[in-house]
Amino acid sequence: MITNDGGVYVANAAAMIPGLAREVHEHDGHLHAELPAVTRILLRRPASIGPLIEGVSGPVVVEDVFGSPEPDPSVTVTRMPVMVRPPGPPAQSPVPGVVEVSGEDELAVAERVMIDGFPLRRYQPVVRGHALPPRILGLPGWRFWLAYSKGSPAAAAYTFDDGTAVGLYWLATLPEFRSRGLGRAILNRAFDAHPEQPFALVATDAGRPLYEKLGFHTTAMANWYTRS
C-alpha cells in the first residue's frame, strides 16, 4: 500500500546511493554519501539543515521530503514533487528503439546522454565512469535504459529496484531529440520490466506533465538544499 508521503522514494534512494558512492555513513536520521562530485545527504526524518551543511567542506546537496526548518542562507533551495506510480502494465507497448544497457561501452554512452541531456553540470565535462562507475552493472537492482533515434543515442535513464519499489533516476533526452516521445518510451519499457511494483521519482518541472499522464501522483514536496 502506498502512503501519502515520500517514504517510498526515500527508502529507494537510501538503498540506491551506496552503489554510486565512494564512501557512505549511516547516521541517526540521515544517510551521508561521498559521491565523486558532491556530498549527498538524504534525510530519513526531519532535521535542521544548517548543521548538516556546516559539517561539509565542499559541494553538498541535502534531500529533504519532510519540510525541515530553514537552512543556512548560503544554500540554494529547489522544491520538486516526489511522485509515485502504482503497480501496473505500461501505458502502451514498449517500442523497439529502447534497449537495456548490458556492457561498459554502452553504459558510457547512456551516462553521457543523461549528463548532457539533463544537464548535470557538476559532471560536465563528461569523464567516462565518473558519475556511473562500471561496477554498478554487476550490482543487484540496477538497470540502465537507452533510447535511440534513427541510430543515434538520444535519451537515457536508470532504475533501481530495492525489492519493494522501483526508483527512476536521471531520465533525460538530448536537446536535439526532444518532443519525439523518447522519455515516454523509456518509461514504458521500464514499466514493462517491473509491472508488479510501484515506481517512485523526484520530478523536474519539465518532466512532471509526462509523469502525470503515465499515472504518477505527487505524494510529497521535496526540498533540495544545494551549496556549490
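**Exercise 1. A residue in helix 1**

Is N12 buried or exposed? Place N12 in its helix and list what it touches.

Solution. The model is predicted.

Step 1. N12 lies in helix 1, which covers residues 7–16.

Step 2. A residue counts as buried when its relative accessible area is under 20%. The relative accessible area of N12 is 0%, so N12 is buried.

Step 3. Leaving out residues up to four places away in sequence, N12 touches F160, D162, A165, V166, G167 and Y169.

Step 4. Now take the helix as a whole. Its buried residues are V8, Y9, V10, N12, A13, A14 and M16. Because seven of the 10 residues of helix 1 are buried, the helix is largely enclosed by the rest of the structure.

**Exercise 2. The chain as a whole**

State how many helices and strands the protein chain has, and explain why it can be called as compact as a globular protein of its length.

Solution.

Step 1. The protein chain contains five helices and 11 strands.

Step 2. Its radius of gyration is 17 Å, and the globule rule gives 17 Å for 228 residues; the two values are close, so the chain is as compact as a globular protein of that length.

Step 3. Along the principal axes, the C-alpha atoms fill a box of roughly 50 × 40 × 30 Å.

Step 4. Of the 228 residues, 50% count as buried. The accessible surface of the chain is about 10,400 Å², and 51% of this surface belongs to carbon and sulfur atoms.

Step 5. Consider contacts between residues at least 6 apart in sequence: 63% of these join residues at least 24 apart.

Step 6. For the charges, take the mean position of the 20 positive ones and the mean position of the 23 negative ones; these two points are 7 Å apart.

**Exercise 3. A glutamate in strand 4**

Find the side chains with which the side chain of E63 makes polar contacts, and decide whether E63 is buried or exposed.

Solution.

Step 1. E63 belongs to strand 4, residues 60–64.

Step 2. Its relative accessibility is 2%, and therefore E63 counts as buried.

Step 3. One polar contact, of 2.6 Å, runs between the side chains of E63 and Y9. Another, of 2.3 Å, links the side chain of E63 to that of R40.

Step 4. Y9 is one of the buried residues of helix 1, so the contact list of E63 can be read with that helix in mind. With neighbours within four places in sequence set aside, E63 is in contact with Y9, I17, R40, I41, L42, L43, N223 and W224.

**Exercise 4. A threonine in strand 3**

Describe the surroundings of T39 and give the separation of its C-alpha atom from that of T173.

Solution.

Step 1. T39 is in strand 3, residues 39–43.

Step 2. T39 counts as buried because its relative accessibility is 5%.

Step 3. Apart from neighbours within four places in sequence, T39 is in contact with H32, A33, E34, V56, P59, V60 and V61. With E34 there is also a polar contact between the two side chains, at 2.9 Å.

Step 4. T39 and T173 are 134 residues apart along the chain, and their C-alpha atoms are separated by 26 Å.

**Exercise 5. Cis peptide bonds**

Give the omega values of the peptide bonds from F118 to P119 and from Q124 to P125, and locate the two prolines.

Solution.

Step 1. The bond from F118 to P119 is cis, with omega near -10°.

Step 2. The bond joining Q124 and P125 is also cis, and its omega is about -5°.

Step 3. P119 sits in the loop between helix 3 (104–117) and strand 7 (142–149). P125 is likewise in the loop between helix 3 and strand 7.

**Exercise 6. Positive phi values**

W170 and S179 have positive phi values without being glycine. Which of the words buried and exposed fits W170, and which fits S179?

Solution.

Step 1. The phi of W170 is near 60°. W170 is placed in strand 9, residues 166–173.

Step 2. With a relative accessibility of 17%, W170 counts as buried.

Step 3. The phi of S179 is about 65°. S179 lies in the loop between strand 9 and helix 4 (182–193).

Step 4. A residue is exposed when its relative accessible area is over 50%. S179 has 82%, so S179 is exposed.

Definitions and conventions: Residues numbered from 1 in each chain as written. Predicted model: local features only at pLDDT ≥ 70, side-chain atom pairs only at ≥ 80, totals over all residues. Heavy atoms only, no water. Helix = DSSP H or I, 4+ residues; strand = E, 2+ residues; numbered from the N terminus. Rg over C-alpha atoms; globule rule 2.2 N^0.38 Å. Buried < 20%, exposed > 50% of the residue type's maximum accessible area, 1.4 Å probe, protein only. Contact = heavy atoms within 4.5 Å. Areas by Shrake-Rupley, 256 points an atom, 1.4 Å probe, with all protein chains shown as cover. Lys, Arg positive; Asp, Glu negative; His and termini not counted. Charge placed at Lys NZ, Arg CZ, Asp CG, Glu CD. Polar contact = N/O pair within 3.5 Å; in protein donor to acceptor, adjacent residues only side chain to side chain.
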